[in-house]
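Student: I would like to go through this model one question at a time. Please show the sequence and the structure before we begin.

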Amino acid sequence: MSHTVVETKALEKHYQMGGQHLRALKDISIRIAQGDFVAVMGPSGSGKSTFMNMIGCLDAPSRGQILLQGEALTQLSAAALAKVRNKYIGFVFQQFNLLPRTSALDNVLLPLLYNNTPRDEARARAQACLQLVGLGDRLDHQPSQLSGGQQQRVAIARALVNDPALILADEPTGALDTETGLEVMQLLQQLHQQGKTIVLVTHESDIAAFASRQLLFKDGSLISDRSSIPHSASAELALLRQQRMKEVAV
Amino acid sequence: MNSLTLLQVAWVALRVNLLRSILTMLGIIIGVAAVIIMLALGAGARYDVDQQIKSLGGNVFVVFARGRFMGGAREASGSSQGLTEMDAQAIEQQIPEVNVAAPTLRASGQLIYGNLNWAPEIHGVDNKIYTAQSWELAEGRSFSDTELASAGRVAVIGQTVKRELFGAADALGQTVRVNKMPVTIIGVLKGKGQNTQGNDQDDLIFMPLDTVRKRIAGMTLSSPKAVRSIIVQVTDERDMAIVEQQLDSLLRQRLRISDNQSGFSIRNLAEMVETRSQTMQIFNGLLAAVASVSLLVGGIGIMNIMLVSVTERTREIGLRMAVGAEPRIILKQFLVEAVLLCAMGGLIGLTLAVAVSLGLEYFAGFTAIIQPQVVVMSLGFSCLIGVFFGYYPATKAARMQPIEALRFE
Ligand SMILES: Nc1ncnc2c1ncn2[C@@H]1O[C@H](COP(=O)(O)OP(=O)(O)OP(=O)(O)O)[C@@H](O)[C@H]1O
Ligand SMILES: [Mg+2]
C-alpha cells in the first residue's frame with residue numbers, strides 16, 4: 001500500500017446562512033494515496049469545491065480531521081496554514097487566477113517568493129516548469145498576451161513549481177473549449193504518469209474519465225468511490241483533431 | 001520574502017497603475033513641497049535678520065537722551081542736562097565690559113559740489129564710530145586729534161555720497177559745501193549696502209562732533225558737549241544684560257534722574273530687529289501649519305486609494321495567500337506600497353520645493369534656505385504618513401480569509 005498524501009476523518013463543513021443551517025459536507029472519510037489521480041464529481045452545490053478547499057487548507061473544517069502528509073491540520077494558525085499550502089499544495093483554478101500585467105515567468109515563480117528560494121534558483125525552476133507545460137518560448141508573455149489554454153498551463157506550471165505533494169485543480173477545463181480542455185487534461189495525465197498526486201473537480205464525466213479514481217458527491221455526502229482504467233486524453237485529442245481535419249476537407 | 005523582493009513587488013504594483021499612483025502622490029507632493037518651501041523661506045528670513053543683526057552688531061546698545069536734547073530751541077530749555085561726551089567717556093571707563101562708547105550727533109543739511117547737490121544723513125562723530133559701527137575706510141584717513149579738537153572743516157563720506165557727487169572721479173581733497181560752509185573730503189568709507197529694510201546705509205557723511213555742533217546752523221544745545229546718542233559696544237555679547245543694568249544706574253547717577261523718572265532710553269538694535277522679524281515668523285508658522293494640513297489630506301488620500309486598491313486586488317490577495325503568503329507578508333506588502341508611494345511623493349515634492357525656492361530667490365529676491373535636517377525630516381515624515389495611513393488598509397488585506405478572497409467577484 002502506497003504512502004498516504006491526504007486523509008480525512010469524519011470531515012464536516014457547516015455554513016450558517018441567516019437562520020439556516022447548511023451541512024455542506026457530511027461525514028467525509030477518505031484516503032488519497034501517493035500517485036492517485038482523483039476526479040471529484042457531483043452536481044452543482046454538492047460540496048465538491050468545499051471538499052477541495054478543506055484538503056487544500058484554504059478553509060477550516062467545522063468538525064472532523066484532515067491529515068496532510070501525516071500532519072493534522074486542525075488548530076493551525078493562518079500563518080502556519082499558509083506555510084503548509086506553500087510546501088504541500090499546488091492549486092489550479094477554473095479562472096486561472098494569474099497576476100495581471102505580470103510575465104508568465106514571474107507568475108510561475110510566485111510560490112517561491114514566499115519560501116525564500118534564492119532568486120536564480122527560483123527563475124531556473126520556473127523556467128523548467130514552463131518548459132514542461134510547453135511554454136518555454138512564452139516566458140515574458142503577460143496573461144493578456146496568452147490564450148486561455150496557455151494561461152491555464154501557466155497556472156499548472158505555477159502549481160508544479162514548488163514540487164508539491166498534491167495538485168488540486170477545481171474545474172481546470174471549465175473556462176476552456178473542448179480541444180484546449182483536452183490539452184490541459186493531457187498535461188495532467190502526463191504529470192500523473194510522472195507520479196504526481198492530483199485531485200480534480202469536475203462535473204463532466206468525460207473529463208472525470210481521464211482520472212483513475214472517481215468520487216461522487218451528492219448533497220454533501222460521498223455516495224460513491226470507484227477506480228477505473230483512465231481514458232487517454234492524448235488519444236481523444238488525436239481523434240478530435242482527425243475529425244476536425246475531415247470537416248475542413250469536406 | 002526578503003525586503004528587496006517586497007520592494008520589487010510593491011514597485012510593480014504601483015507601476016501597473018501608474019496614473020493612479022501619481023495622482024495619489026499629488027497630495028504628498030504638494031504637502032511636502034509646501035512645508036519645505038515655507039521652512040526655507042522662514043530660514044531665509046531668519047538668516048536675513050541674523051545678517052542685519054551682525055551688521056548692526058548684536059553687541060551694541062544705543063543710548064538716547066529723551067526730551068533733553070533736540071535740534072531746536074524749544075527743547076533746549078530743559079532743566080536737567082542731556083547726554084554729553086563726558087557720559088560716553090564715563091561709560092567706557094567705568095563699565096569694564098564695554099569695549100567702546102561712541103558719542104554721536106545728527107544734523108540735516110545740503111551738500112553742494114559744483115552744480116550738484118545731495119542731502120545725506122549728517123553725523124557728528126569721533127573716531128570711535130569706526131569700531132562701534134564696524135565702519136572701514138576705503139580710502140583716505142580718519143579725523144586727526146587737531147581736527148576733532150578744533151571743529152575742523154573736514155568730512156568722511158559714504159559710498160553713495162561719493163557716487164552721487166563725484167561719480168568715478170577722485171573725491172579725496174575735494175571741497176564740498178555743507179549748508180554753505182566749505183568742507184574738505186579726507187576719507188571715503190567702504191560700502192555696507194542696503195540693510196534688510198532696504199535702507200541705504202552708505203548715504204551719510206561723518207564730520208567731527210564739534211564741527212556739527214558749532215558750524216551747522218540751527219543747533220541750540222543744552223550743553224557745550226551735548227550729544228544726541230551714545231553707541232555702546234560690549235566686548236562679549238553674553239554680557240549684554242549686565243551692561244544694560246550698569247548703563248542704567250550709571251546714567252541715572254550722572255544725569256541725576258531718580259528711579260521712577262525716565263530721562264533716557266537704552267535700546268538694543270538686535271532686539272528691535274528681532275521684534276520686527278517675529279511678525280514674519282508667525283506668518284511663516286501659519287503657512288507651515290496650512291502646509292501640514294495639506295500633508296495630512298495627502299495622507300488621507302493615500303489611505304483612500306490603498307483601501308480601493310486592497311478591495312480591487314482581493315482575488316490577487318487570495319491567490320497570494322493560496323500559494324503561501326502569510327498574513328504578515330501581505331501586511332508588509334501593502335505597507336511597503338503605501339510607504340513607497342509616500343516616499344516617492346516626498347522626493348518629488350522635495351525636487352519641486354528646490355525648484356520653487358530657486359525661482360523665488362532668482363525672480364522675487366527672497367532668501368530661501370533649505371536646511372538638510374528639513375529635507376531629512378520631511379522625507380522621514382512622508383514615510384511615516386505612509387506607515388500611518390497605509391496601516392489600516394494593509395491590516396484589512398492581511399485579515400482576509402484566503403477562500404473568501406479567492407471567491408471575491
Ligand atoms: N461561504 C459560504 N457560505 C454559505 N454557504 C456556502 C459557502 N460556500 C459554499 N456554500 C454552500 O455549500 C454548498 C456546497 O458548495 P460548493 O461550492 O462546494 O459546491 P460545488 O459542488 O463546488 O458546486 P459547483 O459545481 O457549482 O461549483 C452549496 O450549497 C453552497 O451554497
Ligand atoms: Mg465548485
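Tutor: The questions below concern a predicted model, and they take up helices, annotated spans, a pocket and single residues.

Student: What span does helix α13 of chain B reach, from its first C-alpha to its last?
Tutor: Helix α13 covers residues 372-398 of chain B, which is 27 residues. At 1.5 Å a residue, 39 Å is expected. The span from first to last C-alpha is close to that value, at 37 Å.

Student: At which residue does α13(B) bend?
Tutor: The bend amounts to about 45°. A proline, Pro393(B), follows within four residues of the bend. The residue at the bend is Tyr391(B).

Student: Is Pro393(B) in α13(B) buried or exposed?
Tutor: A number of residues of α13(B) are buried, including Ser378(B), Ile385(B) and Phe389(B). Gly390(B) and Ala394(B) are also among them. Pro393(B), which follows the bend at Tyr391(B), is likewise listed as buried.

Student: What percentage of residues 290-402 of chain B is helix?
Tutor: UniProt, in an unreviewed entry, gives this span of chain B as "domain: ABC3 transporter permease C-terminal". Its end C-alpha atoms lie 43 Å apart. Strand accounts for 0% of the span, and helix for 87%.

Student: What percentages of helix and strand are found over residues 6-245 of chain A?
Tutor: The unreviewed UniProt entry lists these residues of chain A under "domain: ABC transporter". The two end C-alpha atoms of the span are 43 Å apart. The chain here is 37% helix and 27% strand.

Student: How far apart are the end C-alpha atoms of residues 286-308 of chain B?
Tutor: An unreviewed UniProt entry lists residues 21-45, 286-308, 329-356 and 362-392 of chain B as "transmembrane region". Residues 21-45 are 100% helix, with end C-alpha atoms 36 Å apart. Residues 286-308 are also 100% helix, and their end C-alpha atoms are separated by 33 Å.

Student: Which helix gives the most residues to the lining of the second largest pocket?
Tutor: The pocket has a volume of about 760 Å³, and 35 residues line it. At least two lining residues come from each of α4 of chain A and α1, α10 and α11 of chain B. With 7 residues, the helix that gives the most is α1(B).

Student: Which residues lie nearest the centre of the second largest pocket?
Tutor: The lining divides into 13 nonpolar, 11 polar and 11 charged residues. Both chains are represented nearest the centre. The residues there are Leu99(A), Pro100(A), Thr102(A), Glu316(B) and Arg320(B).

Student: Why does Val12(B) count as partly exposed?
Tutor: Val12(B) is found in helix α1 of chain B. Its C-alpha is 9.5 Å from that of Glu337(B), although the two are 325 residues apart in sequence. A residue is partly exposed between the 20% and 50% limits, so Val12(B) falls in that class because its relative accessibility is 28%.

Student: What distance separates the C-alpha atoms of Glu271(B) and Phe61(B)?
Tutor: Glu271(B) lies in helix α10 of chain B and is partly exposed, at 45% relative accessibility. Phe61(B) is 210 residues away from Glu271(B) in sequence. In space, the C-alpha atoms are separated by 9.9 Å.

Student: What distance separates the C-alpha atoms of Val354(B) and Tyr392(B)?
Tutor: Val354(B) is found in helix α12 of chain B and is partly exposed, with a relative accessible area of 35%. Tyr392(B) is 38 residues from Val354(B) along the chain. The C-alpha separation is 33 Å.

Student: Is Asp163(A) buried or exposed?
Tutor: Asp163(A) is in the loop between α6 and β7 of chain A, and its phi is positive, near 50°. The relative accessible area is 53%. Exposed means over 50%, so Asp163(A) is exposed.

Student: In which loop is Arg101(A) found?
Tutor: Arg101(A) is not a glycine, yet its phi is positive, about 50°. At 46% relative accessibility, Arg101(A) counts as partly exposed. Its place in chain A is the loop between β6 and α3.

Student: Which residue with a positive phi follows α7(B)?
Tutor: Helix α7 covers residues 159-166 of chain B, and its buried residues include Leu165(B) and Phe166(B). The residue that follows has a phi near 60°. That residue is Gly167(B).

How values were computed: Residues numbered from 1 in each chain as written. Chains lettered and ligands numbered in written order. Predicted model: local features only at pLDDT ≥ 70, side-chain atom pairs only at ≥ 80, totals over all residues. Heavy atoms only, no water. Expected span 1.5 Å × (residues − 1). Bend = angle between axes of the 7 residues up to and from the residue. Buried < 20%, exposed > 50% of the residue type's maximum accessible area, 1.4 Å probe, protein only. UniProt positions renumbered as here; feature names shortened; annotations may be inferred. 1 Å grid on protein atoms, 1.4 Å probe; cavity = no way out; pocket = protein on both sides within 12 Å on 5 of 7 lines; lining within 4 Å. Points joined across faces, edges and corners; volume = space filled by probe spheres on them. Nonpolar A, V, L, I, M, F, W, Y, C, P; charged D, E, K, R; others polar.
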